[in-house]
Amino acid sequence: MQIDKELDARGLNCPLPILKAKKALSDMQSGQTLRVVATDAGSVRDFQAFAKQTGNELLEQQTVGADFIHVLRRR
């Protein structure tokens with residue numbers, strides 16, 4: 001999968017990973033992908049809700065060690 005932009009949100013607690021992702025997505029073009037790496041366990045459900053509310057597509061979520069990785073496609 002091609003990732004157009006990557007955002008390191010490790011060490012940030014809710015709602016900062018979502019706010020940073022929202023800002024990053026606003027600078028991107030439709031169809032581009034954003035990979036967010038967070039350490040906040042709550043980010044899993046936060047990104048699911050964020051995708052539903054904004055219309056951006058949540059392509060993938062995975063946990064690697066202490067990192068929660070989210071891949072979104074800009075609507």
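**Strand β4 and its surroundings in the predicted model**

His 70 is found in strand β4. The structure described here is a predicted model, and His 70 serves below as the starting point for its sheet, its helix packing and its nonpolar core. With a relative accessibility of 0%, His 70 counts as buried, because the cut-off for that class is under 20%. Its side chain takes part in polar contacts with two other side chains: that of Ser 43, at 3.0 Å, and that of Gln 61, at 3.1 Å. Leaving out residues up to four places away in sequence, His 70 touches Leu 34, Arg 35, Val 36 and Ala 38, together with Ser 43, Val 44 and Phe 47, and also Leu 58, Glu 60 and Gln 61. Burial extends to most of the strand: six of the seven residues of β4 are buried, so β4 is largely enclosed by the rest of the structure.

Strand β4 belongs to an open sheet of four strands, arranged in the order β1-β2-β4-β3 with mixed pairing. The edges of this sheet are β1 (residues 5-9) and β3 (residues 57-64), each of which pairs on one side only. From one strand to the next, the twist averages 15°. On one side, β4 pairs with β2 in the antiparallel sense over six bridges. Within this pairing, Val 36 stands opposite His 70 of β4. Strand β3 also runs antiparallel to β4, and seven bridges join the two. Here Leu 58 stands opposite Leu 72 of β4, and Thr 63 has Phe 68 of β4 as its bridge partner. Strands β3 and β4 form a hairpin in which two residues lie between them. Gly 65, in the turn of that hairpin, has a positive phi of about 60°.

The parallel component of the sheet is the pairing of β1 with β2, which extends over five bridges. Ala 9 stands opposite Ala 38 of β2 in this pairing. Like β4, strand β2 is largely enclosed by the rest of the structure, since five of the six residues of β2 are buried. Leu 34 illustrates the surroundings of β2 (residues 33-38). Neighbours within four places in sequence aside, Leu 34 is in contact with Lys 5, Glu 6 and Leu 7, with Ala 21, Ala 24, Leu 25 and Met 28, and with His 70, Val 71 and Leu 72.

Helix α2 lies across β2, β3 and β4, and runs at about 10° to β4. Phe 47 and Phe 50 both lie in this helix (residues 43-54), separated by three residues, or about one turn. Both phenylalanines are buried. The count of aromatic pairs in the model comes to one. This pair is formed by Phe 47 and Phe 50, whose ring centres are 6.3 Å apart; the planes meet at 80°, over the 60 degrees required, so the arrangement is edge-to-face.

In soluble globular proteins, nonpolar side chains tend to be buried together. The largest nonpolar core of the model has 14 residues, among which Ala 21, Leu 25, Leu 34, Val 36, Phe 47, Phe 50 and Leu 72 touch the most other members. At least two residues of this core come from each of β1, α1 (residues 16-26), β2 and α2. Helix α1 supplies the largest share, four residues. The two residues of the aromatic pair, Phe 47 and Phe 50, are thus also listed among the core members with the most contacts to other members.

Beyond the end of β4 (residues 67-73), Arg 74 is found in the segment after the strand. The side chain of Arg 74 reaches the backbone oxygen of Leu 25 at 2.7 Å. Residues up to four places away in sequence not being counted, Arg 74 touches Leu 25, Ser 26, Met 28, Gln 29, Ser 30, Gly 31, Gln 32 and Asn 56. Arg 74 and Ala 24 are 50 residues apart in sequence, and their C-alpha atoms are 9.8 Å apart in space. Leu 25, whose backbone oxygen is reached by Arg 74, is also one of the listed members of the largest nonpolar core.

Methods. Residues numbered from 1 in each chain as written. Predicted model: local features only at pLDDT ≥ 70, side-chain atom pairs only at ≥ 80, totals over all residues. Heavy atoms only, no water. Contact = heavy atoms within 4.5 Å. Polar contact = N/O pair within 3.5 Å; in protein donor to acceptor, adjacent residues only side chain to side chain. Phe/Tyr/Trp six-rings, centres within 6.5 Å; stacked < 30°, edge-to-face > 60°. Buried < 20%, exposed > 50% of the residue type's maximum accessible area, 1.4 Å probe, protein only. Pairing = 2+ DSSP bridges. Axes fitted to C-alpha atoms, helices over the stretch in contact; angles between N-to-C directions. Core = buried A, V, L, I, M, F, W, Y, C linked by side-chain atoms within 4.5 Å.
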